[in-house]
Amino acid sequence: MNGLDPLGLLWILALWALAGLGLWMQRARSPLHMATVALVVTGLIGSFFPFASSFIEPSSWRNLDVLSPSIVRASQLQYVAYACGLVLALVAANGRARRTQPSVEPRDTTSRDFAASALLVGAGLAMYAVYAERVGMSALTDREDYAAKYLASQGLGPLQLGLPMAMAGCLWAEASELTRARKLPFRAVALAIVIWSIAFISVRTNAVVVALGYASVLAHRSRFELRRIRPALVVAGLVGYVFLESFALLRGVYRGDLEAAIARVAAQGEVVLGTAIGGSELSHPFITTGEVLRSREAGELGGESLWNGVAACLPRGLYPDRPPFLSEQFVRSNYADLASRGGGAAFSLVAEAWLNFGSFLGPLAFGLAAGWLLVACERRRETHPAGLVARVLPYFVFYVAMQHRNEFGSLFKQVFMLSLVIVPVWIVAEALSRSPRRARELQPLQGRS
C-alpha cells in the first residue's frame, strides 16, 4: 500500500466533521441515545476500511480485488451523504424544544412490568428449548461449519424468536422500576444467555444485544451525558471492540484447544492484521457497498426494495412469490458457494439507499429518515418514561449499532416480528395490572434499580 489517497482522506475528514457536529448537538444527551449511536457507527464504517487498508494489505474471503481506488472513494461519498442526513435530522429536532417534559404517569406500573418481563422470558426460553431440540445440540455447538448451522435453522424462524424474546424481557425488567430483588432473576437469565452464546454456540451477537441494552438503561437512568465521557471510557470501548474482533479470529481457528488457537493467531503476524481489517465488522458493510457500486446502477430500484421489505413479513401462503431480500440476491450473485451452504454476507443500508434513489441523494434520504425515526423514539421515551417504547428501546440499540450491516427489509422484519409478540404481551400485562384487585393510584416509584 502507498498510503492514504488524498481525496479519500478528504472524505474521511468530511465524514468525521459531520459526525463531530452531530455529536456536539447531542452533547447533553446520553452517549447511547440512538441517534448518537447511529452517528458513531456511520463514521467508523465509512472510514475504517479505506483508512486501515491504505497501510496494511487487507485479507478476506470477500472480493477485495474489485475495490479499486475510485470505487472506494465513491463508497466513501455515500457514507458522507448518509451522515449528512442524520445531522439534518438532528438540526430539525434541535429546532424544536430543547427538552420535552415527561408526562405525568401517576400509576404504579411495577405489576405490569413484572408480568410482561416474566411472560417474555418464560415463553421465549420455552420456544428456544424447542428450537434447540429441533436443530440438535451438535449443530448448535459446531464451531467449524457455521453455514451448516444456519441451514439447519431454516424454517424454524418463529422458534428462533425465543431467545430475542427472552433478552427483550430481561431488558424490560431492567428498564422498569422493579426492586433489585425482583430484577435479580432476570439479570441471571441475561448472564446465562451471554455465557451460552459465547462459550457454547459462538454467537457474539446476543452478548452485544444484552451489553448495549443494559448500558443504555444505566446511562438513561443516571442521566449520563455525552459531554461527561472521559478518555478512559473511550479506551474501554476500544478494548471491548478488540475483544470482539479477537473472538472472531479465534473462532475461525479454534479446534478444541484455546492455547493452540492463540498461538496460531500470534504466529501469523502481519497476516493477522490484514485478516482483522478485511474481516472486521467495520469493513464488511463498506466492502459490500463497493461491490454493489461496481456491479449495479445507481437508482435502478426506484424504491422497490422498501416495498419488498414490508412484503417479506407476509406469510408465504399469502405471498408465495415474494422476492428475496437484497442480501440474499447479493450473496447468490457474488458468493454462490456460500449461499448454497446456507451462509450469508453482510449487506449495506447505504448501498440499498444508492440502489433505490441514486448516488448521494439516496443515502441522504435514508439518513434523514433514520435520524428522524431515532429522534422520535427517544423523544417518546422522554415524554412517556413508563410506556411501551421506553421499555423496549434498550433492546433495539443493538440494531441501530448494526444498521449498516443490514438492509431495510431485514431491519423492518426483525422489529415487526418481535413486535407481534411484545405488543400482545404488553396488552395482557396492562390489563392484568389494571384489574380491580391490582388497581392502585400511586405516584411513580423513584429510582429503584
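## Cores, buried residues and surface of a helical model

Leaving out residues up to four places away in sequence, L418 touches L161, P164, M165, A168, Y395 and F396. The structure in which these contacts occur is a predicted model, and L418 is a useful place to enter it, since this residue belongs to the largest nonpolar core of the protein. That core has 87 residues, and L418 stands with L67 and Y395 among those that have the most contacts inside it. The helix that gives the most to this core is α3, which spans residues 69–94 and supplies 11 residues. A second core, separate from the one just described, has 13 residues, including V292, L293, L301 and F347.

### The protein as a whole

The secondary structure comes to 21 helices and zero strands. Of the 449 residues in the protein, 47% are buried, while the area that the protein exposes is about 21200 Å², with carbon and sulfur atoms supplying 66% of that area. When contacts are counted between residues at least 6 apart in sequence, 82% of them join residues that are at least 24 apart.

One pair of residues gives an example of positions separated along the chain: S117 and I422 are 305 residues apart in sequence, and the distance between their C-alpha atoms is 9.8 Å.

### Individual residues and their burial

The table sets out the relative accessibility of several residues that are taken up in the text.

| Residue | Relative accessibility | Class |
|---|---|---|
| S117 | 0% | buried |
| T36 | 1% | buried |
| T109 | 8% | buried |
| C313 | 15% | buried |
| C377 | 23% | partly exposed |
| L44 | 34% | partly exposed |

S117 is found in helix α4, and, with neighbours within four places in sequence left aside, S117 is in contact with G169, W172, A173 and F186. T109 lies in the loop between α3 and α4, the latter helix covering residues 110–135. Not counting residues up to four places away in sequence, T109 touches A386 and R391, and T109 counts as buried because its relative accessible area of 8% is under 20%.

T36 has its place in helix α2, and, beyond its neighbours within four places in sequence, T36 is in contact with L23, Q26, S30, P31 and L226. Helix α2, which runs over residues 34–52, also holds L44. Is each of these two residues of helix α2 buried or partly exposed? T36 is buried, with a relative accessible area of 1%, whereas L44 is partly exposed at 34% relative accessibility.

### A nonpolar patch at the surface

L44 also takes part in a feature of the surface, for together with W16 and V40 this residue makes a nonpolar patch of about 210 Å². The relative accessibility of L44, at 34%, is over the 30% that a residue of such a patch must exceed.

### Cysteines

How many disulfides does a search of the whole structure find? The search finds zero disulfides. A disulfide is a covalent bond that links the sulfur atoms of two cysteines. Two cysteines can be described by their accessibility: C313 is buried at 15%, while C377, at 23%, is partly exposed. The two fall into separate classes because the cut-off for burial is 20% relative accessible area, with C313 at 15% and C377 at 23%.

Conventions: Residues numbered from 1 in each chain as written. Predicted model: local features only at pLDDT ≥ 70, side-chain atom pairs only at ≥ 80, totals over all residues. Heavy atoms only, no water. Patch = residues over 30% accessible without salt bridge, like charges linked within 9 Å, V, L, I, M, F, W, Y side chains within 5 Å. Areas by Shrake-Rupley, 256 points an atom, 1.4 Å probe, with all protein chains shown as cover. Salt bridge = Lys/Arg side-chain N within 4 Å of Asp/Glu carboxyl O. Helix = DSSP H or I, 4+ residues; strand = E, 2+ residues; numbered from the N terminus. Buried < 20%, exposed > 50% of the residue type's maximum accessible area, 1.4 Å probe, protein only. Contact = heavy atoms within 4.5 Å. Core = buried A, V, L, I, M, F, W, Y, C linked by side-chain atoms within 4.5 Å. Disulfide = S-S within 2.5 Å.
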